[in-house]
Amino acid sequence: MPVQNLSIPTPDGPADAFAAFPDDAGRQHHPGVLMYPDGFGIRPVVREMARELAGHGYYVLVPNLFYRHGPAPVIGLPGHITDKDRPALLAQLMPLIEAHTTERVLRDADAYLTFLTDRPEAGPGPVAVTGYCIGGLLAVQTAAAHPGRVAAVAGFHSPVGAGGPGDLRRLLAGLTARVHLGHAESDITPEALGELGRALDAAGLAHTSEIYPGTVHGFTMSDTDAFDPAGLQRHWDRLLPLLAGTLAGG
């Protein structure tokens, strides 16, 4: 799948990004998918996952979440992120994550969606948004802020609902997209999963929300100790039907 490095205009300056898309994207449109990476950001494994998704007939746009702090990668990353590496890396990333306020998220989301739907390779219809870890939370925030533009949203090992019932109700307000949430077993209790399910039901949303057995936080990322091959495959088994059922032409 072709991959193109891009610069997206935003109110706060250009955001570096990349897109992966089918070989025939110059000759026909493909539904757009906005993919938010995890907190470690754009790196080879994220490019690989975007290309895998593009191979199923989608134009996949992946922005650098922390472009205000420099081009990706904004911190130095080892080729493989071990559990031992994680605390020191997160210590560098947490100030960036904390500075990425809801206001910034929504300003960026509008710019990303405008850029995506203006691409000649992407289809003119609704798009989907997917994300990993903190990117999953951003995906839900984006979908809720753009109900007419986002038909499907998915989050994997993401902190959706971590802020409690009140925060969850605010997060889901305005959301109309079909939802899939795939949780790491280490991230959520069965009780919290039930609470999240009741909130999704109360919001009137078509959704699936489930714990992926035997997984820990970060299970989709093959460049980390958290990687779980079965969890990654389950992620594709849930994501691809979600997109095929909501995006025309995928």
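Two strands count as paired here if DSSP finds at least two bridges between them. With that in hand, let us walk through this predicted model, starting in the sheet around strand 3. Four bridges join strand 3 to strand 5 (residues 127–132), and these two strands run parallel. Met 35 has Thr 130 as its bridge partner in strand 5. Strand 3 also pairs with strand 4, again in the parallel sense, over three bridges. There, Gly 32 stands opposite Tyr 59 of strand 4. To get from strand 3 to strand 4 the chain passes through helix 1, and this β-α-β crossover is right-handed.

How many of the five residues of strand 3 are buried? Five of the five are, so strand 3 is largely enclosed by the rest of the structure. If you look along the strand, Gly 32, Leu 34 and Tyr 36 point one way, while Val 33 and Met 35 point the other way. Residues on both faces are buried.

Leu 34 and Tyr 36 lead us straight into the interior. Both are among the residues with the most contacts inside the largest nonpolar core, which has 53 residues. Leu 61, Val 153 and Leu 175 share that distinction. Helix 4 gives the most to this core, with seven residues. A second, separate core has 31 residues, including Leu 53, Ala 152, Trp 236 and Leu 242. Leu 34 itself repays a closer look: leaving aside neighbours within four places in sequence, Leu 34 is in contact with Leu 61, Pro 63, Tyr 112, Leu 113, Leu 116, Ala 128, Val 129, Thr 130 and Thr 142.

Next, take helix 5 (residues 165–172), where Leu 168, Leu 171 and Leu 172 are buried. Why do these three lie on the same side of helix 5? They cover an arc of only 90° around the axis, which puts them on the same side. Some background helps here: an α-helix has 3.6 residues a turn, so residues three or four places apart point the same way. The cover over the buried residues of helix 5 includes helix 4 and helix 6 (190–202). On the other side of helix 5, Arg 169 and Arg 170 are exposed. Just after the helix, Gly 174 takes a positive phi of about 90°.

Now for the charged side chains. Side chains of opposite charge can pair when their charged atoms come close. The structure holds nine salt bridges. In one of them, the side chains of Arg 43 and Asp 223 meet with an N to O distance of 2.6 Å. This pair links distant parts of the chain, 180 residues apart. Arg 43 sits in the loop between strand 3 (32–36) and helix 1 (44–54), and Asp 223 in the loop between strand 8 (207–212) and helix 7 (229–244). Are the two partners buried or exposed? Because residues under 20% relative accessible area count as buried, Arg 43 at 6% is buried, and so is Asp 223 at 9%.

Another salt bridge brings together the side chains of Arg 68 and Asp 108, at 2.9 Å from N to O. Arg 68 lies in the loop between strand 4 (59–63) and helix 2 (86–99) and Asp 108 in helix 3 (residues 102–118), so the pair ties together parts that are 40 residues apart in sequence. Asp 108 is buried, with a relative accessible area of 1%, whereas Arg 68 is partly exposed at 24%. Not counting residues up to four places away in sequence, Asp 108 touches Thr 10, Tyr 67, Arg 68 and His 100. The pair also belongs to a wider network of salt bridges, in which Asp 12, Arg 68, Arg 107 and Asp 108 are linked.

Helix 3 offers one further stop. Asp 110 forms a salt bridge with Arg 149, the closest N and O atoms being 3.5 Å apart. Arg 149 is in the loop between helix 4 (134–145) and strand 6 (150–156), while Asp 110 is in helix 3, and the two are 39 residues apart. Arg 149 counts as partly exposed at 27% relative accessibility, and Asp 110 likewise counts as partly exposed at 36%.

Note on methods: Residues are numbered from 1 along each chain as its sequence is written. This is a predicted model: local features need pLDDT of at least 70, side-chain atom pairs count only at pLDDT 80 or more; totals for chains, interfaces and linings use all residues. Side-chain values use heavy atoms; hydrogens and water are left out. A salt bridge is a side-chain nitrogen of Lys or Arg within 4 Å of a carboxyl oxygen of Asp or Glu. Buried means under 20% relative accessible area, exposed over 50%, partly exposed in between (1.4 Å probe, protein chains only). Contact means heavy atoms within 4.5 Å. A crossover is right-handed if, with the strands pointing away from the viewer, the path from the first strand over the helix to the second runs clockwise. A nonpolar core is a set of buried Ala, Val, Leu, Ile, Met, Phe, Trp, Tyr and Cys residues joined through side-chain atoms within 4.5 Å. The arc is that of the directions from the helix axis to the C-beta atoms.
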